[in-house]
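Work through the exercises below with the structure open beside you. Try each task before you read its solution.

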Amino acid sequence: MPHDEALSPRESFWRLARSPSYVTYPLCFAVVGGASFSIPAVQDLILSDCSDQALAHSATKWTNLTVILSGVAGGVLLGTFAREERHYRQAVAACFVAAALALVGLAVLTVPAVLRALSSDTLFALLVPLMAVAGVGSIGFVSLGLRIAVQVAEPVSEVYSGGVVEWWIQMSGVVFTQLSTCSIGFTATAAGTVASAVVMLCT
C-alpha cells in the first residue's frame, strides 16, 4: 500500500516530528539549502552597496550566475555518480564541508574593513571560485538530501517528508537573507552552514 494511503496527513506530520533522525537531517538541509537562496539574494547589497570600493552591479551578476550554474552542475554530477544509498550521506557531508569552507571565505571577504581594503578586481577574482564552491555545496546536495529525508522518514510518504524539507529551506533562506546586512555580511550564513557540516560529519 502506498505510504500516503497508509498514513493520514496528521499522522504523517506527527511521526516526522517524533523522529530524531528526520528532524536532525532536514534541519541541516534547510540551513545549507537556505544559504543557496540567500547568497544570490544579498550579493548586490553586500558586495556593491556596502563599500565604495566594492563590486559594481554589473560584476555581481556574474558572481550570482557562478553560484547558480555551479550548483546545478554539481547536483547533476552528484546525482550521476552517487547512485548507491550508502554513498548519499558521504556525498551530502562533502557538499556541506565545501559550502562551509566557501562561506567562511565569503564571510571574511565581506567584513567591511576587508571590503574597503581590496580593489574591485582583486575582490572579483577571489569571489568567483568561492561562489562556485558555495554553489556546488549549497545547491548540489538537494537531490540527495531529499532522498535521505525520504529514507529516514519511512513509512511516511515522500509527499510530506520531502515537502517539509522544501518548506524549511524556503524559510531558512528568508531568515539568512534578513540577517545578511552590511555589518554582518555572510557571517550568519557561514555559522549556520559550519554547524550543519559538523552535524553531518558526526552522524
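**Exercise 1: Two helix pairs**

The crossing of α2 and α9 is right-handed. This is a predicted model.

Task: Describe how helix α2 packs against α9, and name the residues that meet.

Solution. Two packed helices are described by the angle between their axes and the distance between the axes. Step one is to state both values: α2 (residues 9–18) and α9 pack at an angle of about 65°, and their axes are 10 Å apart. Step two is to list the residues on each side. From α2 come Pro 9, Ser 12, Phe 13 and Leu 16, which meet Tyr 160, Ser 161, Val 164 and Trp 167 of α9. Step three is to sort this contact by class: six residues are nonpolar, two are polar and none is charged.

Task: Do the same for α3 and α10, and give the handedness of their crossing.

Solution. Helix α3 covers residues 20–49 and helix α10 covers residues 187–202; they pack at an angle of about 145°, with 9 Å between their axes. Their crossing is left-handed. On the α3 side the contact is made by Thr 24, Tyr 25, Cys 28, Phe 29, Val 31, Val 32, Ala 35 and Ser 38, and on the α10 side by Thr 189, Gly 192, Thr 193, Ser 196, Val 199 and Met 200. By class, the contact of α3 with α10 has eight nonpolar, six polar and no charged residues.

**Exercise 2: The nonpolar cores**

Task: Find the largest nonpolar core and say which elements build it.

Solution. Begin with the count: the largest nonpolar core has 30 residues, and Phe 29, Val 92 and Phe 96 have the most contacts inside it. Next, assign the core to elements. Those giving two or more residues are α3, α5 (88–109), α8 (142–153), α9 (158–179) and α10. The most comes from α5, with eight residues. Then follow one member outward: not counting residues up to four places away in sequence, Val 92 touches Phe 29, Phe 141, Leu 144, Gly 145, Ile 148 and Met 200. A second, separate core has 21 residues, among them Ala 35, Val 42, Leu 115 and Phe 186.

**Exercise 3: Buried or partly exposed**

Task: Classify Thr 60, Asn 64, Ile 46 and Glu 158 by relative accessibility.

Solution. The cut-off needed is that buried means under 20% relative accessible area, exposed means over 50%, and partly exposed lies in between.

- Thr 60 lies in helix α4. Its relative accessibility is 1%, so Thr 60 counts as buried.
- Asn 64 is also placed in α4 (residues 57–81). Its relative accessibility is 16%, so Asn 64 counts as buried.
- Ile 46 lies in α3. Its relative accessible area is 0%, so Ile 46 is buried.
- Glu 158 is in helix α9. Its relative accessible area is 46%, so Glu 158 is partly exposed.

Task: What are the three buried residues in contact with, leaving aside neighbours within four places in sequence?

Solution. Thr 60 is in contact with Gln 43, Asp 44, Leu 47, Ser 48 and Leu 55. With one of these, Asp 44, the side chain of Thr 60 makes a side-chain polar contact of 2.3 Å. Asn 64 is in contact with Ile 39, Pro 40 and Gln 43. Ile 46 is in contact with Thr 110, Leu 115, Ser 180, Thr 181, Gly 185 and Phe 186.

Technical notes
Residues numbered from 1 in each chain as written. Predicted model: local features only at pLDDT ≥ 70, side-chain atom pairs only at ≥ 80, totals over all residues. Heavy atoms only, no water. Axes fitted to C-alpha atoms, helices over the stretch in contact; angles between N-to-C directions. Helix = DSSP H or I, 4+ residues; strand = E, 2+ residues; numbered from the N terminus. Left-handed = near helix turned anticlockwise from the far one by under 90°. Contact = heavy atoms within 4.5 Å. Nonpolar A, V, L, I, M, F, W, Y, C, P; charged D, E, K, R; others polar. Core = buried A, V, L, I, M, F, W, Y, C linked by side-chain atoms within 4.5 Å. Buried < 20%, exposed > 50% of the residue type's maximum accessible area, 1.4 Å probe, protein only. Polar contact = N/O pair within 3.5 Å; in protein donor to acceptor, adjacent residues only side chain to side chain.
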